[in-house]
Amino acid sequence: MDIENRKSKTRTIREWFKRKNRRADAYQRNEVSDDSEDDSLDDDLVRSLEIDPCIFTNELRIFVGTWNVAGRSPVGSLAVDVNEWLNLKDAADMYVLGFQEIVPLKTKNVIGVEDPTEATNWNLLIGKTLNDKYGCPWLTPMLNPISSENYHFAKFPGLGKRASFSGHSGFTGPELSKAQHEGEAYGGSEYKLMASKKMVGVFISVWMKKEFLTKYCISDVKVSSVACGIMGYLGNKGSVSVSMSIEGTSFCFIAAHLASGEKRGDEGRRNHQVSEIFRRTSFPRSSEDDDNPHPITIIGHDRIFWFGDLNYRLYQDNILAKEFIKKQDWKALQEFDQLRKELEDGGVFKGWREGNIEFAPTYKYSSANCNRYTAGLPGRSGEKQRTPAWCDRILWYGKGVRQLSYFRSESKFSDHRPVSALFSIPIEVMKVTNPRKVFPTGTFLPMPSGKLEPIDSKGGARSTLLSLISKESVKGIGSLP
């Protein structure tokens, strides 16, 4: 039995390294063969790791939220609403927040130059809310790059060797040095801004625990946007997306705002926009990337989350819809839900999943009486009469994703109620817990970034190797060759 367990362990180690090495460049593959016919790895390296290897799975908790804020700017009093929405009593490792209509969808905003002011204001509020819980100083969300509509996290000193970023910081030379200095000043912040992207009124903001950055290898942080509104190419409707890899698992987050309208046939326009977002979203490689080939398209990622004001309505008139709402018979009402039909019929979201909806429709609430839907209220100037619907949704695609909660919050800030979901996702990590054997000179050691780094006579890969070893096992080790 012990022999069989050892063989199984050896196969597991080899397969893990094969997956990592498969991403190396052509030169590196010549140094360490990745041919499936010959076991691919130097036997000394495998035997070294066979002593006490550990391929373990950690659970990553990701909070995904969406909120159409109806063109309103965030105000100080909104902090209470944001706090409730983010559910900080049950804090997550990562917060991915999508907004729609952070600016009014007027002509000057749709066809004019992007103004980052509102994106900055929302990030300020989010950063303050997340970090105030821990008593952390938070004067600005994170450095000067946030003043741009695009923002990617740049690695700062002191975040640990496990963090590896190849996204674009937007800074070079003196500007980058200044950004790094400011980053150290905000080192006490519990949550760091990883990525931010704005397109007209659609906005995505991604935050991660500082502890998480030191624990895992994170790379290839990229953003993308697709405008598919007026004439199919203006940004009043469309998506903004973030792509990143965590320990070799690729993630994609898509915040979308799709075509409105509750007439029959309007769902066809929404379906077309979904197809366009799938087709046109791209995360191209750049010279700043590492040797790890990251997914270029949405569907190429391992775990995908699509959320936003998707605007799918009910195939139902207002009177009957309100009867179901009064009874809180959500299951019966969902029989008329357009998006549920798309998921069941395998339309544009074939293979995607959504959690059980056990809350009231999130749209459209009256601005005059915030606890009531507009449908059936006496006519009021400028306020549209709409049948209630679950316009604000969160979907996911990929294996191993477990939804822990799916709910709406009760902020009366806009005519939409914010929606959120908490997910648990397995992250596979490998550590060597007892590296007693010496690695031979000339061995190419697969690094977390996917690169192969040689161990030379002076211990060239010593620092990176130690990042693969748990702190407990390092104690008592004098030095590596």
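**Reading a sheet and a pocket**

Modeller: Let's start with an open sheet of 5 strands in this predicted model. The strand order is β6-β7-β8-β9-β10, and the pairing is mixed.

Biologist: Which strands stand at the edges?

Modeller: Those are β6 and β10 (392–397); each has a single partner strand, so one side of each lacks a neighbour in the sheet. On average, neighbouring strands here are turned by 10° against each other, ignoring direction.

Biologist: In what sense do β6 and β7 pair?

Modeller: The general idea: strands of a sheet pair through backbone hydrogen bonds, either parallel or antiparallel. Here β6 and β7 (residues 238–246) go antiparallel, over 8 bridges. For S225, the bridge partner in β7 is V240.

Biologist: Which helix packs on the sheet?

Modeller: That's α9 (residues 266–280), which touches β6, β7, β8 (249–257) and β9 (303–309). The direction of α9 makes about 135° with that of β6.

Biologist: Back in β6, is V221 buried or exposed?

Modeller: Buried counts as under 20% relative accessible area. V221 sits in β6 (residues 218–227) and is buried because its relative accessibility is 0%. V221 lies 27 residues from M194 in sequence, with 7.8 Å between their C-alphas.

Biologist: And how do I read empty space? How much lies in the largest pocket?

Modeller: Rolling a probe the size of a water molecule over the atoms shows where empty space is left. In this model, the largest pocket holds about 540 Å³.

Biologist: What lines the largest pocket?

Modeller: It's lined by 27 residues, with A70, E101, Y363, K364 and D415 nearest its centre. The lining splits into 6 nonpolar, 10 polar and 11 charged residues.

Conventions: Residues are numbered from 1 along each chain as its sequence is written. This is a predicted model: local features need pLDDT of at least 70, side-chain atom pairs count only at pLDDT 80 or more; totals for chains, interfaces and linings use all residues. Side-chain values use heavy atoms; hydrogens and water are left out. On a 1 Å grid over the protein atoms alone, a cavity is a set of points where a 1.4 Å probe fits but cannot get out, and a pocket is an open set with protein on both sides within 12 Å along at least five of seven lines; lining residues have an atom within 4 Å of a point. Grid points are joined across faces, edges and corners, and a volume is the space filled by probe spheres set on the points. Ala, Val, Leu, Ile, Met, Phe, Trp, Tyr, Cys and Pro count as nonpolar, Asp, Glu, Lys and Arg as charged, and the others, Gly among them, as polar. Helices (H or I, at least four residues) and strands (E, at least two) are DSSP runs, numbered from the N terminus. Buried means under 20% relative accessible area, exposed over 50%, partly exposed in between (1.4 Å probe, protein chains only). Two strands pair if DSSP finds at least two bridges between them. Axes are lines fitted to C-alpha atoms, for helices over the stretch in contact, and angles run from 0 to 180 degrees between N-to-C directions. Contact means heavy atoms within 4.5 Å.
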